[in-house]
Amino acid sequence: MKLITFTVPCYNSAAYMDRCIETLLPAGEDAEIILVDDGSKDDTGKIADAYAEKYPTMVRVIHQENGGHGEGVNQGIRNASGLYFKVVDSDDWLDGDALRKVMEKLREFAKMPEPVDLLMCNYVYEHTVDNTHHTVSYKGILPQDRVFGWDEIGKFPPSQNILMHTVIYRTEVLRQSGLELPKHTFYVDNIFVYQPLPLCERLYYMNLDLYRYFIGREDQSVNESVMVKRVDQQVRITKIMIDAVDLYALPERQKKLRAYMFNYLSMMMAISSVFLTMDGSEEAFAKKVELWQYLKNHDERVYQKCKHSVAGACNLPGTLGHKLTLWGYHVAQKIFKFN
């Protein structure tokens, strides 16, 4: 068994995937790198095959019909041989020094009678337009350099949620959670960092800037105009998250996790409501009403709590309510990191 599986979903990534892969190779023979060629139309598949030929004991390639980012992650989980699992997008990369320290720590975990379920590290937004970067750290929120449980976590500000860039899961936790990301759908990373969390009992945080998240391409899914066009997919993801976890069934020892997950779900309701409002059509308004009814039908308690949170403030009725929603969104952009 490998110590860790890195899964790299690749779609038409020929122009930049080399940088990503080269930052994973220093993890050495303890690592498995699964490159998922998601029906690419450029040289992505050839480049992936070349790495597998050059590093046959480390790199595996899966060629699939186009299924989207989620199916790339699914393929990684299905085929992973690593004790731990991390997704690295093909236009992102890992810091070398941080990776070396993480690998050392994972070797310690592997020797434990009860291995850690979830390792978390910091990540860095790399803004290419103005050549700046911003680090998201969990120092002061999570206990550092020791095993802990959810009862010891602090409060997560909206700008410091647990993202895909943050997490290294024990692979078996992902499988036990029943995680199956939808095909041909953006924003699946939200499910990835939500559904498995209740199964993570033993946590660990390293104050390292491991993941470097590239921001700069106009076609990225975090682009505001793109999000309005893809709002149906945002709504779909939100509904899947509503169904994924019964928040009020979580045990008492996970009450802080329940609060965190509620805040995350509330944020997803807010995002969906905002971009449906931005769409401005009668059809979009009807979809917003239907989404809130969907939540109410699922759990009246969660619905009522969301209604009196930031999500409810993004679902104000009438023309004035819509204007206030959009005003509030633009004020909150920097906080929620939509862009």
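Hi everyone. Before I get to the helices, one definition: an axis here is a line fitted to C-alpha atoms, for helices over the stretch in contact, and an angle between two axes runs from 0 to 180 degrees between N-to-C directions. Please also keep in mind that this is a predicted model.

With that in hand, let's start with α9 and α10. Helix α10 covers residues 282-298, and α9 packs against α10 at about 160 degrees, with the two axes 8 Å apart. Angles over 145 degrees count as roughly antiparallel, so α9 is roughly antiparallel to α10. The crossing of this pair is left-handed. If you want to find the contact on screen, look on the α9 side for M269, S272, S273, L276, T277 and D279. Their partners on α10 are A284, K287, K288, L291, W292 and L295. Sorted by class, the contact of α9 with α10 has 6 nonpolar, 3 polar and 3 charged residues.

Now let's bring in α11. Helix α9 spans residues 255-279 and helix α11 spans residues 300-307; these two pack at an angle of about 65 degrees, and their axes are 10 Å apart. That angle makes α9 roughly perpendicular to α11. Is the crossing of α9 and α11 left-handed or right-handed? This crossing is right-handed. On α9 the residues involved are F262, L265, S266 and M269, and they meet V302, K305 and C306 on α11. By class, that contact splits into 5 nonpolar residues, 1 polar and 1 charged. You may recognise M269: this α9 residue was also part of the contact with α10.

That leaves the third pairing, α10 with α11. Here the axes come within 5 Å and cross at roughly 135 degrees, which makes α10 oblique to α11. From α10 we have W292, L295, K296 and H298, and from α11 we have E300, V302, Y303, C306 and K307. The class count for the contact of α10 with α11 is 5 nonpolar, 1 polar and 3 charged. W292 and L295 are familiar too, as both take part in the contact with α9.

Let's move on to the empty spaces. How many cavities of 30 Å³ or more does a search of the whole structure find? The search finds 1. The largest cavity holds about 40 Å³ of space, and its lining is made up of I242, V245, D246, L247, L265, H298, D299 and V302. Those residues divide into 5 nonpolar, 1 polar and 2 charged. We have met some of these names already: L265 and V302 are both in the contact between α9 and α11, and H298 is in the contact between α10 and α11.

Last stop, a pocket. The second largest pocket has a volume of about 310 Å³. It is lined by 17 residues, and the closest to its centre are K155, F156, A259, Y260 and N263. Which helix gives the largest share of this lining? That is α9, with 7 residues. Overall, the lining of this pocket has 10 nonpolar, 5 polar and 2 charged residues.

So if you remember one helix from today, make it α9: it packs with α10, it packs with α11, and it supplies the largest share of the lining of the second largest pocket. Thanks for listening!

Technical notes: Residues numbered from 1 in each chain as written. Predicted model: local features only at pLDDT ≥ 70, side-chain atom pairs only at ≥ 80, totals over all residues. Heavy atoms only, no water. Helix = DSSP H or I, 4+ residues; strand = E, 2+ residues; numbered from the N terminus. Parallel < 35°, antiparallel > 145°, perpendicular 65-115°, else oblique. Left-handed = near helix turned anticlockwise from the far one by under 90°. Contact = heavy atoms within 4.5 Å. Nonpolar A, V, L, I, M, F, W, Y, C, P; charged D, E, K, R; others polar. 1 Å grid on protein atoms, 1.4 Å probe; cavity = no way out; pocket = protein on both sides within 12 Å on 5 of 7 lines; lining within 4 Å. Points joined across faces, edges and corners; volume = space filled by probe spheres on them.
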